[in-house]
Structures are given as C-alpha cells and as structure tokens.
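Let's walk through this structure together, starting with a pair of charged side chains and ending at the ligand. Keep the viewer open as you read.

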Amino acid sequence: MARMLRRLRKGFQSLTSFSAATIQPNLSASESSRSEVALLSFFSPKPRDFSLPNSSWGSEMMRLYDHYNSQCEAETEGGQTQGSPWQRLPSYNRSLKYAPGGVYLSKIVQSKARLFTRNIREPGAAFEYALFVNKGEKKCVCIFQAGWLLEGPPGHVHGGAIATMIDTVTGTHATFLSGPIMTANLNIAYRSPIPLGSTVLIESSLDTQEGRKTFISCKVMSTDGSKLHTEATVLFVSINVSHLVRGG
Ligand SMILES: CCCCCCCCCCCCCC(=O)SCCNC(=O)CCNC(=O)[C@H](O)C(C)(C)COP(=O)(O)OP(=O)(O)OC[C@H]1O[C@@H](n2cnc3c(N)ncnc32)[C@H](O)[C@@H]1OP(=O)(O)O
C-alpha cells in the first residue's frame, strides 16, 4: 500500500509538471492548422491531444483558437521558449498514462477510466474545447463548442454539461495554480441558455488562495462578450494524493 502511494504521488507530481510544461508549437491559419495536426498525430508516437483543432470545429472556434494560440509561448529551434504570459494546455483522455511511470499507474488505478469530457470518439459530438492560461494575470480562458449530444432544453445545452465544463476549466486552472485539488463547493447561476452547436468563452479567474483553499470565479459568455450565459464561484481544497486512494 505504502509503495503504491509513493508511486501514485510521484506520478501525480510529474503529471502536473508535464501538463504545465508541454507546449505545442504555434499554428497559423485555420485549414493548414487542422491538416498539419492530423498529419502530426498520425505519425507521432505522442498521445492524442484532444484540444487541437479537428474537422468539427466551426469558424468561430477556429478564429478564437488562432487568436489565443498566436499569443502563446512559441518554442524556438533550440528548444527555448519565448516569453509570453499565455500558454496553451494540452488535454488527454487519460493524463495519468502519459506521465513518467504513468503506464504502470494507469493500469492499477481503474485501467478503463477516461476523462469524462474526452471519452466520446466522434469529433464535434460533445465537448470540444481548448484551454489557455495566463500565468501573470492568474486567469484561464477556455473556448468551448457544445455538440449535439449535450442537449438539455430543446436546442440548448444541458445545465449539467455547463457545470461539467465549469468544473473542468476551473479545476484545471486550480491544479495549475495549486497542484492536486478537489472541488469542495460549486455555486452556479444560469443567466441565459446556450444554443447547442454554438461556441462560447469560459473565463476562470483566481480570487484568493488561503492555506489549502483556492477560490475561483468563472463566467461563461458569448464570444463577443455581449451576453452572460452563466456565472459560478468555486472552492477547491488541496489534497494529498493518498486522499484519492483511500477514498477521502
Ligand atoms: C495543469 C493540470 C492538468 C490536470 C488535468 C485535469 C483535468 C480535469 C480537471 C477536472 C477537475 C474536476 C474536479 C472534481 O470534479 S473533484 C470531484 C468532486 N469533488 C469531490 O468529490 C470532493 C469530495 N469531498 C472531499 O473529498 C473532501 O470533503 C475535501 C477534499 C473537499 C475536503 O476534505 P479535507 O478533509 O481534505 O478538508 P477539510 O474538511 O479539513 O477542509 C479543509 C478546509 O476546506 C473547507 N471546506 C471543505 N469542504 C468544504 C465545502 N464543501 N464548502 C466550504 N468549505 C469547505 C473547510 O471548512 C476547511 O476550511 P478551514 O476550516 O481550514 O478554513
């Protein structure tokens, strides 16, 4: 048990540094980005990064992706990164597997488990999103295109799917800021419905960090900023990874 905990702790530590440090090269215009990415993922032994553009992304999703991606750190030929406060975060369906030693861990910890938002194979059917963090401003932006399998009220996105995205974005942001965390409290106000198939912006901002507690505010808005769809405040509590093995 103690050996397993040590391995798990080591895996999680490398996982957060792996996620934070993995930077993809900047991509240029929409169509070429998509075909380059498809080719790269075909030939590369690297895990599939679900936050890269695919054929289901609409023009607004691609416009915003290019907008934020162009402001991200670019890797130079020497492997150095140019200073920029923005960084794109990769997204895998089993991040644990891709951390050093993670293949072993992913076999012993629920081997069939997959990240809730990344377990539907058909591109565009459900959660299409990409996250960008701004280290200086301690904020995070997610571009999110909601697919047809996320229907709640006819023609609109299910409130549970919106909550899932808020938890995912703020949870990733909190992990980036504070290391391993769990959501302790999530308060949501749904202000206006989100049309199915549309692209929205999800903004996460750090309010305060107090000891083990990280308080985050979140807004879901139309991409031109004119409509507020949803507001949330979230409390994350830092955990020791043994919390996950022992079940709290
Ligand atoms: C860059 C990285 C990428 C990573 C990729 C990931 C992508 C995916 C991201 C997806 C992310 C998805 C994420 C998910 O979905 S996580 C899944 C949903 N969450 C859970 O299942 C959590 C269940 N709860 C627990 O496990 C425990 O209760 C926790 C761990 C939360 C606290 O139990 P613990 O025994 O450890 O702590 P404590 O009780 O000593 O309390 C400590 C402090 O906290 C305060 N407190 C506690 N609870 C609440 C509450 N409800 N409201 C207000 N305050 C609360 C408490 O008063 C105290 O404050 P103070 O008295 O010290 O001031």
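Does Asp 49 count as buried or exposed? This is a predicted model, and in it Asp 49 has 8% relative accessibility. Since the cut-off for buried is under 20%, Asp 49 counts as buried. Its salt-bridge partner is Arg 88, with the closest N and O atoms 2.8 Å apart. Arg 88 sits in strand E1 (residues 86–89), while Asp 49 belongs to the loop between helix H2 (30–43) and helix H3 (59–69), so the pair ties together parts that are 39 residues apart in sequence. Arg 88 is buried as well, at 3% relative accessibility.

The count of salt bridges comes to four, so let's look at two others. One of them joins Glu 231 and Arg 191, at 2.9 Å from N to O. Here Glu 231 lies in strand E7 and Arg 191 in the loop between E4 and strand E5 (199–210); because of this, the pair ties together parts that are 40 residues apart in sequence. Glu 231 is partly exposed, at 27% relative accessibility, and Arg 191 is exposed, with a relative accessible area of 54%. Another salt bridge brings together the side chains of Glu 137 and Lys 139, with an N to O distance of 3.9 Å. Glu 137 counts as exposed at 54% relative accessibility, whereas Lys 139 is partly exposed at 24%.

Now turn to the ligand. It is surrounded by 15 residues, and the closest are Asp 167, Ala 184, Arg 212, Lys 213 and His 243. By residue class, this shell divides into six nonpolar, six polar and three charged residues.

Which atoms make polar contacts with the ligand? Arg 212 offers an N or O atom of its side chain, 2.5 Å from an oxygen atom of the ligand. The backbone takes part too: a backbone N or O atom of Ala 184 lies 2.9 Å from a nitrogen atom of the ligand, and a polar backbone atom of Thr 183 is 3.0 Å from a ligand nitrogen. On its own, the ligand has 1,300 Å² of accessible area, and the protein covers 53% of that.

Finally, consider which elements build the shell. Helix H6 (159–178), strand E4 (181–190) and strand E7 (228–238) each give two or more residues to the shell around the ligand. Of these, E4 gives the most, with four residues.

Definitions and conventions: Residues are numbered from 1 along each chain as its sequence is written. This is a predicted model: local features need pLDDT of at least 70, side-chain atom pairs count only at pLDDT 80 or more; totals for chains, interfaces and linings use all residues. Side-chain values use heavy atoms; hydrogens and water are left out. A residue is near a molecule or strand if one of its heavy atoms lies within 4 Å of it. A polar contact is a pair of N or O atoms within 3.5 Å; within protein, one must be able to donate a hydrogen and the other to accept it, and residues adjacent in sequence count only if both atoms are side-chain atoms. Accessible areas come from the Shrake-Rupley method with a 1.4 Å probe; for residues, only the protein chains shown count as cover. Ala, Val, Leu, Ile, Met, Phe, Trp, Tyr, Cys and Pro count as nonpolar, Asp, Glu, Lys and Arg as charged, and the others, Gly among them, as polar. Buried means under 20% relative accessible area, exposed over 50%, partly exposed in between (1.4 Å probe, protein chains only).
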